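Here is a friendly walk through one protein model, written for someone new to reading structures. Keep the picture open beside the text as you go.

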Amino acid sequence: MSELGPSPLPPRHRSRRRRFWSPRRLPAAITAALLAVVAGLLLYDIAAVRAGRPGMAWRRSLADELATRPLDDPWILAVACVAVVLGLWLVVLAVTPGLRDVLAMRAGTAPVRAGLDRHAAELTLRDRAVEVSGVRSARVTVTRRTATVRAVVSFRETEEVRADLAAVLAEAMEQLSLARPLGLALHVRRMGEG
């Protein structure tokens, strides 16, 4: 009886994995609730006017204000600016992925879409960096395209430590299995240097 080994990893290449999208439930719920309230009030008022009742006082006063105020009035301009900013904010939310802290991982054999939190990637790379002989401390920042590592060397030659760090971090970034491989920006300085 033979045992099944681990499934082979796909060949290393740039995958077309897209970023994760945020559900954005709160902005969608707020927008939907506001639109429902405004539409309901206007619909009720129009139905009341069609039934022979007078329109709501706020709608009559708003219509009078809009008819008598000039377009360059500061209040009209302020309300228009707020409406434009809110509209642009909703458009930006609609067309951009919201989960910027999740890095897409390579697709395996299973039909599961996996992602790695940026903070977890930073901790993993930092832990691997401080394991290198001579590294006293390391600070790692991961963006969508680059892992920036700032290491402080307490002993050994700086160039030797840099070479060891580059090799260890390259292996660690490969083990992260990210869909878009990260570039490495490595900054090494000796302890006590500015």
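## A buried arginine

Arg128 is buried, with a relative accessible area of 19%. Here, buried means under 20% relative accessible area, exposed means over 50%, and partly exposed is in between (1.4 Å probe, protein chains only). Arg128 sits in helix H4. Setting aside neighbours within four places in sequence, Arg128 has contacts (heavy atoms within 4.5 Å) with Val168, Glu171, Ala172 and Gln175.

A word on how to read all this: the model is predicted, so local features need pLDDT of at least 70 and side-chain atom pairs count only at pLDDT 80 or more, while totals for chains, interfaces and linings use all residues. Residues are numbered from 1 along each chain as its sequence is written, and side-chain values use heavy atoms, with hydrogens and water left out.

## The overall plan

How many helices and strands does the protein have? There are 5 helices and 5 strands. These are DSSP runs, numbered from the N terminus: helices are H or I with at least four residues, and strands are E with at least two. Starting at the N terminus, the order of elements is α-α-α-β-β-α-β-β-α-β.

The protein has 194 residues, and 23% of them count as buried. About 13900 Å² is exposed, with carbon and sulfur atoms supplying 63% of that area; the areas come from the Shrake-Rupley method with a 1.4 Å probe, and for residues only the protein chains shown count as cover. Now look at contacts between residues at least 6 apart in sequence: 61% of them join residues at least 24 apart.

## A stretch with a record

The UniProt record, an unreviewed entry, places the feature "transmembrane region" at residues 75-96. UniProt positions are given in the numbering used here, feature names are shortened, and annotations may be inferred rather than shown by experiment. In the model, residues 75-96 are 95% helix and 0% strand. The C-alpha atoms at the two ends of this stretch are 32 Å apart.

## A sheet of three strands

Next, find the open sheet of 3 strands, which has the order E3-E4-E5 and mixed pairing. Its edge strands are E3 and E5, each pairing on one side only. On average, neighbouring strands of this sheet are turned by 15° against each other, direction ignored. Strands of a sheet pair through backbone hydrogen bonds, either parallel or antiparallel. Two strands count as paired if DSSP finds at least two bridges between them.

E3 (residues 135-142) and E4 (residues 146-153) pair in the antiparallel sense over 7 bridges, and a hairpin of 3 residues joins them. E4 and E5 run parallel, joined by 8 bridges. Arg150 is a handy landmark: Arg139 stands opposite Arg150 in E4, and the bridge partner of Arg150 in E5 is His187.

## Helices across the sheet, and the core

Which strands does each helix cross? H4 lies across E3 and E4, running at about 155° to E3. H5 lies across E3, E4 and E5, at about 150° to E5. Axes are lines fitted to C-alpha atoms, for helices over the stretch in contact, and angles run from 0 to 180 degrees between N-to-C directions.

The largest nonpolar core has 25 residues, of which Leu125, Val135, Val142, Leu165, Leu169 and Leu178 touch the most other members. H4 (118-130), E3, E4, H5 (158-175) and E5 (183-190) each supply at least two residues of this core, and H5 gives the most, with 5 residues. Such a core is a set of buried Ala, Val, Leu, Ile, Met, Phe, Trp, Tyr and Cys residues joined through side-chain atoms within 4.5 Å.

## Around the loops

Val142 and Thr143 share some contacts. Leaving aside neighbours within four places in sequence, Val142 touches Leu103, Arg118 and Leu182, among others, and Thr143 is in contact with Leu103, Arg118 and Leu182. Thr143 is in the loop between E3 and E4 and is partly exposed, at 36% relative accessible area.

Two other loop residues have a positive phi although neither is a glycine: Arg156, at about 75°, and Ser177, at about 55°. Arg156 is in the loop between E4 and H5 and is partly exposed, at 25%. Ser177 is in the loop between H5 and E5 and is buried, at 18%.
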